[in-house]
Amino acid sequence: PRASGSRRAGTLAVAHRDHAIMTTLGAEEWAGMDLSVRRGNDHDPSWFSGLSNLEEHYDMIIVGAGISGCVFAERGSRELGLKSLIIDKRDHIGGNCYDFINKHGFRVSQYGVHLFHTKFDRVWEYVNRFGEWMPYEHRVKGKVDVGEGYKIVPIPPSQKTVNDLFHANVTSEEEMERWLDARRVANDDPKNGEESALTRSGPELYEAIFKHYTKKQWDKWPEELDASVLARIPVRTNTDDRYFSDPHQALPKHGYTRVFENMIMSDPNITVRLNVDFFKERANLPKGNLTVFTGPIDAYYASQGLPKLEYRSLRFFEEYHEPEADGAKSPHPGFYQPCLQLNYPGPEVEYTRIVEYKHKPNQPEEARKAKGTVIFKEYSCDHGEPYYPVPNPANRELFEKYQKLAASEPGVCFVGRLASYKYFNMDQAFLNALETFDEVKGKGVLKRTELGEGDGPK
């Protein structure tokens, strides 16, 4: 649908600024989103009372109310009867999983779309304690032009992708494997991301799907990145168009925030204080037997004079559309695009993808019937909320220095993706927190589950 048949939400005139302006927003980090209405969640008024009416001592002082912080508080209470104080500088719980109902009645995520999937039975059993889940298998499409006009194709690339884009006419896994083998560049020791990608995909898919998307996501060309960054790019030989293959794939019926509410809200052993910055209020906090720190590990040691670790961040620009408002027949009635997530891997636009939450089956019923819809254009940038660690030798070496400091820090447990300088999927974050708690509880290092790599930028 064209913009002529749509209306913008509120006063979001910034929603379509060019990329150069967008990446200098700084304090205007959320200027592209309408956060004027955030409904659908429960909050205890005491959460916003600062450091008043607190006990003098807690078993755990937990910094961060995201996955790791909530798991530690919930497990500490249920398993050991521990009392915890959770503080967070944000005004909500749930970390980056936080979602809410916006002014148009749609459940949206403030920090980008989140899709739950796991192969870990322990995690699946755990999250089901805190809410009802509904099956959902995520499918991503890409809007790609290889000289014949835009075509919408499955991502990761599969048989249909190469057939639609390159007229490959493959009809079996064997034919797809032969098509790829004829194009893959043999290289047993790739030196950079481009060489690594070419060994996986060959030049056609690399140029169409991976090259420019990588540049937009990391602000570096693949040849400027470690080989490891593109060593795991997914290329399918079959017709499976699901983005994930894990046995458990679902969405929480009432949103992710409700899951975290159910974890900690009604527990008398857990006290929450929001809008509290650990570093500003550190000296004023109650005493605790253990500090559980879930924030960026380099922030904890800022006074040491070491450089900051690099992260990539995201900006979101929201638009409200009524696809049939101009009288034209939409190919996707009631929707802006054919799927929840439509990637734009080419260089012709600055954003990496558009997300349309109306496609999510856990939307309120009235939202699914609405004539309008909201979309979010997503841009990558180098400042703001830390999302994706930048994998290169300098950052790995720097993180190892922080790790050594953390290992000798008395009375502090560092846990979570920011403390680990590693991208975790949601299930990996849950399992990491559960197993770290097991270690703390047992006062020793237990055998950890091999988590593997997170999905990273999609």
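Okay, a definition before anything else: two helices count as roughly perpendicular when the angle between them is 65 to 115 degrees. Keep that in mind for the helix pair. And a caveat: this is a predicted model.

So, the pair. Helix H4, residues 159-166, packs against helix H6, residues 193-218, at an angle of about 90°, and their axes are 12 Å apart. That angle falls within the 65 to 115 range, so H4 and H6 are roughly perpendicular to each other. Who makes the contact? On the H4 side we have Thr161, Val162, Leu165 and Phe166; H6 brings Glu204, Leu205, Ala208 and Ile209. Sorted by class, that contact has 6 nonpolar residues, 1 polar and 1 charged.

Next, the sheet. We've got an open sheet of 5 strands with parallel pairing, in the order E10-E2-E1-E11-E17. Which strands stand at the edges? Those are E10, at 270-274, and E17, at 412-414. Each has a single partner strand, so one side of each is left without a neighbour in the sheet. On average, neighbouring strands here are turned by 20° against each other, ignoring direction.

Zooming in on one pairing: E1, residues 57-63, and E2, residues 84-88, run in the parallel sense and share 4 bridges. If you want a spot to click on, valine 63 has isoleucine 87 in E2 as its bridge partner.

Now helix H2, residues 67-80, which packs on this sheet. H2 touches E1, E2, E10, E11 and E17, and its direction makes about 155° with that of E1. Is H2 enclosed or open? Well, 11 of its 14 residues are buried, so H2 is largely enclosed by the rest of the structure. The buried ones include Phe72, Glu74 and Arg75, so yes, there are charged residues in that list, since Glu and Arg count as charged. The length works out too: at 1.5 Å a residue the 14 residues should span 20 Å, and the end C-alpha atoms are 19 Å apart, which agrees. After H2 comes glycine 81, with a positive phi near 70°.

Last stop, aspartate 427, in helix H13, residues 426-442. Buried or exposed? Aspartate 427 is buried, with a relative accessible area of 4%; the cut-off for buried is under 20%. What does it touch, leaving aside neighbours within four places in sequence? Aspartate 427 is in contact with Phe116, His117, Thr118, Lys119, Phe120 and Val123. Take valine 123: 304 residues away from aspartate 427 along the chain, yet their C-alpha atoms are separated by 6.4 Å.

That's my tour, thanks.

Terms used. Residues are numbered from 1 along each chain as its sequence is written. This is a predicted model: local features need pLDDT of at least 70, side-chain atom pairs count only at pLDDT 80 or more; totals for chains, interfaces and linings use all residues. Side-chain values use heavy atoms; hydrogens and water are left out. Two strands pair if DSSP finds at least two bridges between them. Helices (H or I, at least four residues) and strands (E, at least two) are DSSP runs, numbered from the N terminus. Axes are lines fitted to C-alpha atoms, for helices over the stretch in contact, and angles run from 0 to 180 degrees between N-to-C directions. Contact means heavy atoms within 4.5 Å. Angles under 35 degrees count as roughly parallel, over 145 as roughly antiparallel, 65 to 115 as roughly perpendicular and the rest as oblique. The expected span of a helix is 1.5 Å times one less than its number of residues. Buried means under 20% relative accessible area, exposed over 50%, partly exposed in between (1.4 Å probe, protein chains only).
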